[in-house]
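Hi there,

Here is the structure I promised to pass along. Have a look at it below, and then read on for what turned up.

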Amino acid sequence: MMAVPDPSALRDVDVAGLHRWLERHRGHVLDDVLDLVGQETPSDDPALLDRGLARLERWATGMLGQPRHRSRTDGGSHGDTLTLEFAGTGCAPVVLLGHYDTVWPAGTLADWPCTVDGDRATGPGIFDMKAGLVQAVWALRALSATGHQAPPVRLVLNGDEEIGSPVSRPVIERACAGAAAVLVFEGSAAGALKTGRKGVGIFDVTVTGREAHAGLEPEKGVSAIDEMARATLKLHALADPAAGTTVNVGLVQGGSAINVVAGRAAARVDVRVASRAEADRVDHALARLKPHDPRAGITVTGEWNRPVMERTPAIAAMAGLARAAAAELGSDLAEVSVGGASDGNFAAATGVPVLDGIGAVGDGAHARHEHVSVAALTERSAIAAAVLAAFPKGRTE
């Protein structure tokens, strides 16, 4: 098994030289970002996703050359997942992970075109996460251009991340098998790496009551809405902010008419946890959820959409390596644990060291103020390149 290289592995890596080379190409880097953002790829539009992935593959192979292996997994009603494997030196493959789908519907560019104003570039999907895709490819290009060794690389690009990665998850997990590390080019958190991500569970609660006339014989009815209200209080009581657990009953539907005791109610529940122990606690509580009125019934279905990404020693070591590379550029690279999930959760669950949030510096994911820092595009790409260059020099154990 490959150990995460110690920061001393950066001794022979010219991090500043990588950054200088990328800075000389900053205009081209930005052009590539704007080009990708200019191709709309909403998660629910297979035709646009297919067109966007074809464009992305042409650009990536034009930059890096033909891969030694290529595979493409059909995404069905969502985007396909493309895996490109490139040869390298000295260790197991390092996975570069990113998604090309966005939350923005087709036509968004018509009233929100890509624009650049000083250091701020904006456009739908630029921060989450098309800039990160460009940074990943340019990091590899920089290593080649400056004579640095690179490890073997698996570049995995999926088109269903924004809707939970239902098709790409097993592809990602297979790509991580036997890998030395995974770099997830999701956007940073105000510049910070993401060394912890909450696990996310989506659950459906269904209550079955008994319908009756609300005026003539309400006593013969069992209100599913009343039961759902009581269940909602129980569910929200499961939240434990100190432990990083949040519970949100976000959607509720029920009843058939105002003068009918409701015979059915349903709710969708979002649960986020910061540890596997909390996930187990919530699972146990959901299994024990019972109705107040024994004539009613409650069923809970759903699953943990994303496993917890806890800050393991290996993840901490990856962050330390990136911090050491950033220090060579005079930057202080922070780290943080966040409530949002990514495909990094799946990667971390395989036990492989993960570096997440190494992508763009900016803000506004899923919002109209979505933007990235132009200057940071090359700096973060140089840091990622330096981390990659450390792996051929690392030791195995």
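In this predicted model, α5 and α11 are oblique to each other, because they pack at an angle of about 55°. Their axes are 8 Å apart, and the crossing is right-handed. On the α5 side, the contact is made by Ala-131, Gln-135, Trp-138, Ala-139, Leu-140 and Leu-143. From α11 (residues 374-390) come Ala-376, Leu-377, Arg-380, Ser-381, Ala-384, Ala-385, Leu-388 and Ala-389. Sorted by class, these residues divide into 11 nonpolar, two polar and one charged.

Helix α11 has a second partner in α9 (residues 313-327), with an angle of about 120° between them and axes 9 Å apart. These two helices are oblique as well, since 120° lies outside the range of 65 to 115 degrees that counts as roughly perpendicular and is not over 145. The crossing of α9 and α11 is right-handed. Here Met-318, Leu-321, Ala-322, Ala-325 and Ala-326 of α9 meet Ile-383, Ala-386, Val-387 and Ala-390 of α11. By class, that contact has nine nonpolar residues, with no polar and no charged ones.

One residue of α11 deserves a look of its own: Ala-382. Its relative accessibility is 0%, so Ala-382 counts as buried. Setting aside neighbours within four places in sequence, Ala-382 is in contact with Leu-18, His-19, Leu-22 and Leu-329. If you want a long distance to check your coordinates against, the C-alpha atoms of Ala-382 and Val-252 are separated by 47 Å, with the two positions 130 residues apart along the chain.

Which residues does His-148 touch, beyond its neighbours within four places in sequence? They are Val-13, Asp-14, Leu-18, Leu-143 and Ala-389. Two of these will be familiar from the packing of α5 with α11, where Leu-143 and Ala-389 both take part, while Leu-18 was listed among the contacts of Ala-382. His-148 sits in the loop between α5 (126-145) and β6 (153-158). With a relative accessible area of 16%, His-148 is under the 20% cut-off and therefore buried. There is also a polar pairing here: a polar atom of the His-148 side chain lies 3.1 Å from the backbone nitrogen of Asp-14.

A third helix pair is made by α2 (residues 26-37) and α3 (residues 46-64), which pack at an angle of about 160° with their axes 11 Å apart. Are they roughly parallel or roughly antiparallel? Roughly antiparallel, because the angle is over 145 degrees. The crossing of α2 and α3 is left-handed. Asp-32, Asp-35 and Leu-36 of α2 make the contact with Arg-55, Leu-56, Trp-59 and Met-63 of α3. These residues divide into four nonpolar, no polar and three charged.

Now for some backbone geometry that you may want to check before setting anything up. Most residues other than glycine have a negative phi, and most peptide bonds are trans. Against that background, three places stand out.

- The peptide bond from Asp-128 to Met-129 is cis, with omega near -5°. Met-129 belongs to helix α5.
- Ser-165 has a positive phi, near 55°, and is not a glycine. Ser-165 lies in the loop between β6 and α6 (168-176), and its relative accessibility of 1% means that it counts as buried.
- His-366 also has a positive phi, of about 65°, without being a glycine. This residue is in the loop between β15 (362-363) and β16 (371-373). Its relative accessible area of 45% makes His-366 partly exposed.

Lastly, there is Thr-122, in strand β5 (residues 120-122). At 12% relative accessibility, Thr-122 counts as buried. The side chains of Thr-122 and Trp-112 are joined by a polar contact of 3.4 Å. Leaving out neighbours within four places in sequence, Thr-122 is in contact with Trp-112, Pro-113, Cys-114, Thr-115, Glu-370 and His-371.

Happy browsing, and best wishes!

Note on methods
Residues are numbered from 1 along each chain as its sequence is written. This is a predicted model: local features need pLDDT of at least 70, side-chain atom pairs count only at pLDDT 80 or more; totals for chains, interfaces and linings use all residues. Side-chain values use heavy atoms; hydrogens and water are left out. Helices (H or I, at least four residues) and strands (E, at least two) are DSSP runs, numbered from the N terminus. Buried means under 20% relative accessible area, exposed over 50%, partly exposed in between (1.4 Å probe, protein chains only). A polar contact is a pair of N or O atoms within 3.5 Å; within protein, one must be able to donate a hydrogen and the other to accept it, and residues adjacent in sequence count only if both atoms are side-chain atoms. Contact means heavy atoms within 4.5 Å. Axes are lines fitted to C-alpha atoms, for helices over the stretch in contact, and angles run from 0 to 180 degrees between N-to-C directions. Angles under 35 degrees count as roughly parallel, over 145 as roughly antiparallel, 65 to 115 as roughly perpendicular and the rest as oblique. A crossing is left-handed if the near helix is turned anticlockwise from the far one by less than a right angle, and right-handed if clockwise. Ala, Val, Leu, Ile, Met, Phe, Trp, Tyr, Cys and Pro count as nonpolar, Asp, Glu, Lys and Arg as charged, and the others, Gly among them, as polar.
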